[in-house]
Amino acid sequence: MDVLKRNPPGSASPEKILEILLELFNEQHTAKQKTVSHKTRHDRAVYLRRFLKDLRSRAGFATLPDPRNLGGRHIQATADLWRKDQLAAATIQTYLSFLRGLAHWIGKPGMVLPPVAYGLSPSQYKRQEVAQRDRSWTGAGIDIDPLIAEICAKDRYVGAALRLIRAFGLRRKEAVMMRPHACVVPFEATGLPMERRKADKYLWVRQGSKGGRPRFVPIETQMQHEALAFAQQVAAMAKAHLSDPSRTLKQNLNHFSYMLRVFGLSLAERGATGHGLRHEVLVDVWRRQTGTEPPVRDGERPPVEIANAARQEIAEIAGHARKRAAGAYIGSARAAGQRKEPGTQRARAGIATQPTAPPER
């Protein structure tokens, strides 16, 4: 704090003051007594630097304010830029969180208001937490195993990572950072209670996980055993990661995404992304647990107890803390009902529905 006192407003550039604030506070969580991940620190610092720069270059402020003198008009101008740029709701929520953190750092915790106060509509700032369509590779008509085999032949590191995603439902970063030798552990090493035992060995997933939360995924199926065996061949050393050692982590992550684009794995080309393979696995969990297709595929609704158990299983395998996170992969019965009856909400509101013309061919 002394360093800020030695640099009162006007005595140093706004950019320098922001760097001091980042040095002092960027490790801290905005709401909890804990530190945040390296990714959050990096993303927050990158955004706050751009935020300050945009106030002058895009928002029309002739004088760049000292960060400690920021106020509501600066946040409003920034929200106007988000609307103009048509940012995704999830991005807006993230940026608001970063700005709230900055407000706390400068002693103005109430400076950042709810998004509606800046003229943003719910559709612009509310995340879709429930899948509205089937994002799996099967849903996009992709023949999964032959495609992964092609990718393996082209790049064994990316192919091995995809096979792990296919077998365990990992995220991209979790797969790329996986140590396929060191992260296979016996059940006794997991700390899980005996009544939850499903296999003799488990895959320990921690590096690259969201929020650094560790989880243990049982190694049960032939597909899982084969994917691990291939990954261990690719990462030959006992502590090696499943990524090209000649590249940095960032380069490996970028290369992974590049290779998927080479094989047409994008929404524009095939209607599915690499993340859709994770959806594939979690949809399969639902089908195996309930015997029905998931809501996002308009499947029949299973008994509540079975559905809740399946959602809990999906959340645990995916590495989420809350059961409701399963909806991001399998959808919800309510959303499925709205798809089946598109006129229901309009009818309830007293709005006449008109037949729609067939789409142009």
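Trainee: Carbon and sulfur atoms supply what share of the area that the chain exposes?

Mentor: Happy to start there, with one caution: this is a predicted model, where local features need pLDDT of at least 70, side-chain atom pairs count only at pLDDT 80 or more, and totals for chains, interfaces and linings use all residues. Residues are numbered from 1 along each chain as its sequence is written, and side-chain values use heavy atoms, with hydrogens and water left out. The exposed area of the chain is about 20,300 Å² (Shrake-Rupley method, 1.4 Å probe; for residues, only the protein chains shown count as cover). Of that area, carbon and sulfur atoms supply 51%.

Trainee: What percentage of the residues in the chain is buried?

Mentor: Buried means under 20% relative accessible area, exposed means over 50%, and partly exposed is in between (1.4 Å probe, protein chains only). The chain has 361 residues, and the buried ones make up 42%.

Trainee: How far apart do the centres of the positive and negative side chains lie?

Mentor: Lys and Arg count as positive, Asp and Glu as negative, while His and the chain ends are not counted. Each charge is placed at NZ of Lys, CZ of Arg, CG of Asp or CD of Glu. With 59 positive and 34 negative side chains, the two centres are separated by 6 Å.

Trainee: Which helix gives the most residues to the largest nonpolar core?

Mentor: A nonpolar core is a set of buried Ala, Val, Leu, Ile, Met, Phe, Trp, Tyr and Cys residues joined through side-chain atoms within 4.5 Å. The largest one has 40 residues, and those with the most contacts inside it include Trp137 and Leu162. Helices 7, 8, 9, 10 and 11 and strand 2 each supply at least two of its residues (helices are DSSP runs of H or I, at least four residues, and strands are E runs of at least two, numbered from the N terminus). With nine residues, the top contributor is helix 8.

Trainee: How many residues are in the other core, the one with Ala12 and Leu102?

Mentor: That core lies apart from the largest one. Leu52 and Leu55 are also among its members, and its size is 35 residues.

Trainee: Arg68 is charged, so to speak, by name alone; is its side chain's surroundings buried or exposed, that is, how does Arg68 count?

Mentor: Arg68 lies in the loop between helix 3 (38–57) and helix 4. Not counting residues up to four places away in sequence, it touches residues including Pro8, Ile17 and Ile106 (contact means heavy atoms within 4.5 Å). Because its relative accessibility is 16%, Arg68 counts as buried.

Trainee: Which residue's backbone oxygen does the side chain of Arg68 reach?

Mentor: The distance is 3.2 Å. That backbone oxygen belongs to Leu4.

Trainee: What is the value of phi near which Gln86 lies?

Mentor: Most residues other than glycine have a negative phi. Gln86 sits in the loop between helix 4 (72–85) and helix 5 (89–105), and it is exposed, with a relative accessible area of 70%. Its phi is positive, near 55 degrees.

Trainee: And near what value is phi of Asp298?

Mentor: Asp298 is in the loop between helix 12 (275–290) and helix 13 (304–318). At 33% relative accessibility it counts as partly exposed. Its phi is also a positive value in a residue other than glycine, near 60 degrees.

Definitions and conventions: Polar contact = N/O pair within 3.5 Å; in protein donor to acceptor, adjacent residues only side chain to side chain.
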